Amino acid sequence: MNNKLIYDKDIFNLETLIEIYDDNSVEIVNDALLGFVQASVKKITKLEIAYMVDDLVDVSLIAHSLSGLCRFCAVTKLGRLSDQLSLAAKNNDKLKVSKLIAAIHAHWPMLEKQIKYVVKNYRAIDD
C-alpha cells in the first residue's frame, strides 16, 4: 500500500478493513469507520449502564456484540478488551469486569483519535 498513514495497527488495522470490505475507496473506508464510531458509542453507553446496575448478563451480551462490531471493522484492541470483558462477565468475575470497563474507557479516546486521523487523511489508491 503506497498510501502511508501513521497509526497503530494494534488499535485499528486499515489494511484488514479494506480486505473485509474488498474496497479501498474513501467513501467505503470513511463510512465504515464513522458507522463504527456511532454504533460503538451506543454500545459502550449501554455497557456502562449495565455495569452500573450490576447486570453482568447484559454486560457479557453487550461486550460480545461490541467485539463482533470490532471484528467487522478491524478494530483490534477494543475487540480484544471486549472479548475479555464478555468472558469475565460470563464468569461473574466482578473485579476483572471493573478493570476491563476502566480499560475500555481509557482506550476509547486513543481509538477515536486514530479513526479521526484515518478519516481525515486517507486517500484511496488508484487501481
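Q: Why does Gln 114 count as buried or exposed, whichever of the two applies?
A: In this predicted model, Gln 114 has a relative accessibility of 17%, and the cut-off for buried is under 20%, so Gln 114 counts as buried. The residue lies in helix α5, and, leaving aside its neighbours within four places in sequence, Gln 114 is in contact with Tyr 7, Asp 8 and Ile 11.

Q: What makes Lys 99 buried or exposed?
A: Lys 99, which is also found in helix α5, has a relative accessibility of 56%; since exposed requires over 50%, Lys 99 counts as exposed. Along the chain, Lys 99 and Val 118 are 19 residues apart, and their C-alpha atoms are separated by 29 Å.

Q: How do you know whether Ser 67 is buried or exposed?
A: The relative accessible area of Ser 67 is 0%, and buried means under 20%, so Ser 67 is buried. Its place is in helix α3, which covers residues 56-72, and, with neighbours within four places in sequence left aside, Ser 67 is in contact with Gly 79, Ser 82 and Asp 83.

Q: Why are α4 and α5 called roughly parallel or roughly antiparallel to each other, whichever of the two applies?
A: Helix α4 (residues 76-90) and helix α5 (residues 94-121) pack at an angle of about 165°, with their axes 9 Å apart. Angles over 145 degrees count as roughly antiparallel, and α4 and α5 are therefore roughly antiparallel to each other. The crossing in which α4 passes α5 is left-handed.

Q: Which residues make the contact of α4 with α5?
A: On the side of α4, the contributors include Leu 78, Leu 81, Ser 82 and Leu 85, while those of α5 include Val 97, Leu 100, Ile 104, His 107 and Trp 108. Sorted by class, the contact of α4 with α5 has 12 nonpolar, three polar and two charged residues.

Q: What makes the aromatic pair of Phe 36 and Trp 108 tilted?
A: A search of the whole structure finds two aromatic pairs, and one of them is formed by Phe 36 and Trp 108, at 6.5 Å centre to centre and with 35° between the planes. Stacked requires planes under 30 degrees apart and edge-to-face over 60, the rest being tilted, so the angle of 35° places the pair of Phe 36 and Trp 108 in the tilted class. This pair links distant parts of the chain, with Phe 36 in helix α2 (residues 26-52) and Trp 108 in helix α5, 72 residues apart. Both Phe 36 and Trp 108 are buried.

Note on methods: Residues numbered from 1 in each chain as written. Predicted model: local features only at pLDDT ≥ 70, side-chain atom pairs only at ≥ 80, totals over all residues. Heavy atoms only, no water. Axes fitted to C-alpha atoms, helices over the stretch in contact; angles between N-to-C directions. Helix = DSSP H or I, 4+ residues; strand = E, 2+ residues; numbered from the N terminus. Parallel < 35°, antiparallel > 145°, perpendicular 65-115°, else oblique. Left-handed = near helix turned anticlockwise from the far one by under 90°. Contact = heavy atoms within 4.5 Å. Nonpolar A, V, L, I, M, F, W, Y, C, P; charged D, E, K, R; others polar. Phe/Tyr/Trp six-rings, centres within 6.5 Å; stacked < 30°, edge-to-face > 60°. Buried < 20%, exposed > 50% of the residue type's maximum accessible area, 1.4 Å probe, protein only.
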